Amino acid sequence: ERMLLTGGLKSLLPHVLRRIIRCNRHSISNTSGMAEGYKQANIVILHKSLADDFEKFCHANNGPLPLLYRSKPGDWKCPSLSSDSDIRTDCPQCRVYEHGAFTGSVKSLKEYSEQLKDMVTFYLGCSFSFEKAIQNAGIPVRNVEQECNVSMYKTAVPCYSISTFCCNLVVTMRPIPESKLEAAVLATSELKEAHGAPIHIGDPGLLGIQDLSKPDYGDPVHLHPGDIPVFWACGVTGVEAVINCRSPLAFTHSPGCMFITDLKNDSVTVGSSSEVPQVYCISQDPLHYSMVSAEATQKIKNLENLIGIDPGDRGIIHLHRPDELLKACLAISHARSVLITTGFPTHFSYEPPEENDGPPGALAIAAMLQALEKDVAIVTDQRAMDLNKKIIDDAVQLGILKRPVPLLSYQRENADSALRFLCENGNRRRPRFDHLIAIERAGMAADGNYYNARKVNIKNLVDPIDDLFLAAQTIPGVTTTGVGDGGNELGMGKVKEAVKKHIKNGDTIACDVEADFTIVAGVSNWGGYAIACALYILSTCEIHDRYLRKAVGFPQLLKKKTWLSALPSVTKEEKLLKALVQHGVRSGKTASLEMEVDGLPFYDTHSLMIEKLLQELK
């Protein structure tokens with residue numbers, strides 16, 4: 001009976017379905033998979049005095065609450081959505097809320113006709129509308145296969161509040177086979193009135209969802225092996241807003257029991273590459289994917305190619321791994337708190353022994369992280385604390401940094417020193433940083449020593465900051481990036497086989513400690529400049545911005561000016577390199593190689609590279 005019914009309801013036209021619902025002939029538990037290809041709507045009915053604020057709330061959170069239609073007070077029709085409807089009878093089931101408390105479900109609102117004269121109905125887009133688009137792309141919709149309602153969950157993500165309307169985001173979850181993730185995103189991203197693209201792909205815990213088998217609304221949906229949980233913003237967010245505003249009387253649809261409109265789903269036409277979403281995995285534990293436009297991806301690949309040239313002909317071209325700059329920057333973009341380390345005391349017989357490759361790149365990254373309102377700190381050798389403090393103060397004076405960056409040092413006192421440094425009280429569930437970046441930082445070789453390019457052991461000058469990168473591998477949610485130009489830098493363990501094979505003295509000097517992402521550049525500073533530029537590209541990418549803010553609140557693009565002013569520039573870098581000379585810091589590369597790029601000596605190559613990178617942002 002039920003199979004026959006759902007089979008039949010799938011292909012019925014909306015006005016016929018509404019008539020069946022109105023006559024109340026069948027008990028319909030949810031409308032998922034019905035009237036395929038037609039838009040369905042969530043319903044919120046409020047007193048007219050609240051209507052303007054609720055409309056503003058929808059516009060401020062248009063991912064979960066795409067407004068299809070707002071009625072006049074006391075009007076049960078919605079002419080732009082359907083020809084002959086009556087909201088009192090055409091939802092399979094409605095919920096009644098009094099002062100925020102759920103007081104019961106009803107199949108008809110007719111008994112409330114008097115109260116409804118002073119009430120306004122909001123029709124909001126629904127994800128059931130895109131299920132057909134997903135199926136058309138050859139992707140299974142598990143809740144339709146399993147003949148149940150979709151799973152809906154309350155999250156820990158706050159919506160943008162307007163007046164008395166304030167609540168957390170509610171999401172739907174659909175299990176999608178990993179190989180079909182990008183197709184699912186593409187199929188839904190242009191259906192803005194059905195919540196558009198997903199707002200999270202991967203571990204539910206990152207949204208504050210404890211247990212997928214216990215949805216807050218709807219039914220649990222079984223994941224097949226190889227399925228990834230994918231989350232879309234959900235109109236039931238409106239139900240949570242109604243509960244929290246505690247108005248004397250309000251109505252909503254019952255989650256899963258939608259109002260079915262006469263509007264067909266928009267045929268999807270994806271225009272420019274700025275509108276084509278791509279999906280990348282940025283973490284295995286917890287599993288986390290990010291999203292970015294094809295256009296932004298291409299720009300970041302161009303940056304990666306620019307910095308990948310090998311000016312000293314040292315064989316670093318063989319260390320290059322594609323898309324590492326992109327994945328590293330996606331991971332950094334999702335981080336709230338970033339720890340940077342730099343410092344390669346290659347001039348072991350001088351004071352200070354530091355080289356000038358590293359600090360400028362580290363500060364370029366720090367400047368952009370500050371502009372993006374992330375917490376950032378620098379960890380370096382105890383013996384170099386004063387020097388680094390002076391360099392940071394100079395960077396603030398020169399307008400490179402908005403404010404000083406906290407400077408830390410790390411000492412190994414016992415087996416869990418690194419864990420206690422990275423996490424509050426050494427608790428892996430409470431990390432202080434979610435991303436670690438090493439740029440031109442001496443890295444530990446397989447024998448436990450630290451070597452410069454000429455195979456000189458400089459271990460006595462280096463604090464064991466590698467411990468932090470090793471410990472990070474054991475802390476869920478903490479990812480790491482290594483930037484280097486020779487293979488002996490912290491993080492380069494990921495490419496150590498190539499270092500041993502292709503780099504002079506590689507067998508001895510290769511760093512053994514790996515980072516999650518390895519960025520190889522002709523000069524490490526270039527890698528730092530490229531990271532700053534790539535973070536700017538991601539922040540100005542609308543697809544990525546929406547994914548970061550989970551489609552609640554407003555686009556962050558108003559801050560574009562601040563981000564622009566934080567980018568590296570030729571003037572900033574020239575001033576900083578001069579300041580380093582004042583502090584006695586020598587050039588690292590020219591000491592061992594007379595390097596030239598396009599016929600220019602090493603110093604000028606920095607300016608040239610910055611100009612080329614900035615050109616890509618235009």
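**Two pockets, one at a time**

Hi everyone, let me begin with the runner-up: about 830 Å³ of space lies in the second largest pocket. Its lining is made up of 37 residues, and those closest to its centre are Ser-274, Cys-541, Glu-542, Ile-543 and Leu-557. Do keep in mind that this is a predicted model.

Which elements build that lining? At least two residues each come from β14 (287-293), α9 (294-307), α17, α18 and α19 (560-566). The top contributor to the second largest pocket is α18, which gives five residues. As for chemistry, the lining of this second largest pocket has 17 nonpolar residues, nine polar ones and eleven charged ones.

Now for the largest pocket. Here we have about 1,300 Å³ of space. The largest pocket is lined by 41 residues, and nearest its centre you will find Ser-333, His-334, Ala-335, Arg-336 and Leu-548. The elements that supply two or more residues to this lining are β13 (277-284), α10 (324-334), α17 (524-539) and α18 (542-548). If you sort the lining of the largest pocket by residue type, you get 17 nonpolar, twelve polar and twelve charged.

So where does the largest pocket sit with respect to the domains? Domain 1 (5-264) and domain 2 (314-534 + 558-616) both contribute residues to its lining, so the largest pocket lies between them.

One last thing to look for on the structure in front of you: α17 and α18 give residues to the lining of the largest pocket, and α17 and α18 also turn up in the lining of the second largest pocket. Thanks for listening!

Technical notes. Residues are numbered from 1 along each chain as its sequence is written. This is a predicted model: local features need pLDDT of at least 70, side-chain atom pairs count only at pLDDT 80 or more; totals for chains, interfaces and linings use all residues. Side-chain values use heavy atoms; hydrogens and water are left out. On a 1 Å grid over the protein atoms alone, a cavity is a set of points where a 1.4 Å probe fits but cannot get out, and a pocket is an open set with protein on both sides within 12 Å along at least five of seven lines; lining residues have an atom within 4 Å of a point. Grid points are joined across faces, edges and corners, and a volume is the space filled by probe spheres set on the points. Helices (H or I, at least four residues) and strands (E, at least two) are DSSP runs, numbered from the N terminus. Ala, Val, Leu, Ile, Met, Phe, Trp, Tyr, Cys and Pro count as nonpolar, Asp, Glu, Lys and Arg as charged, and the others, Gly among them, as polar. Domain bounds come from an automatic or database domain assignment.
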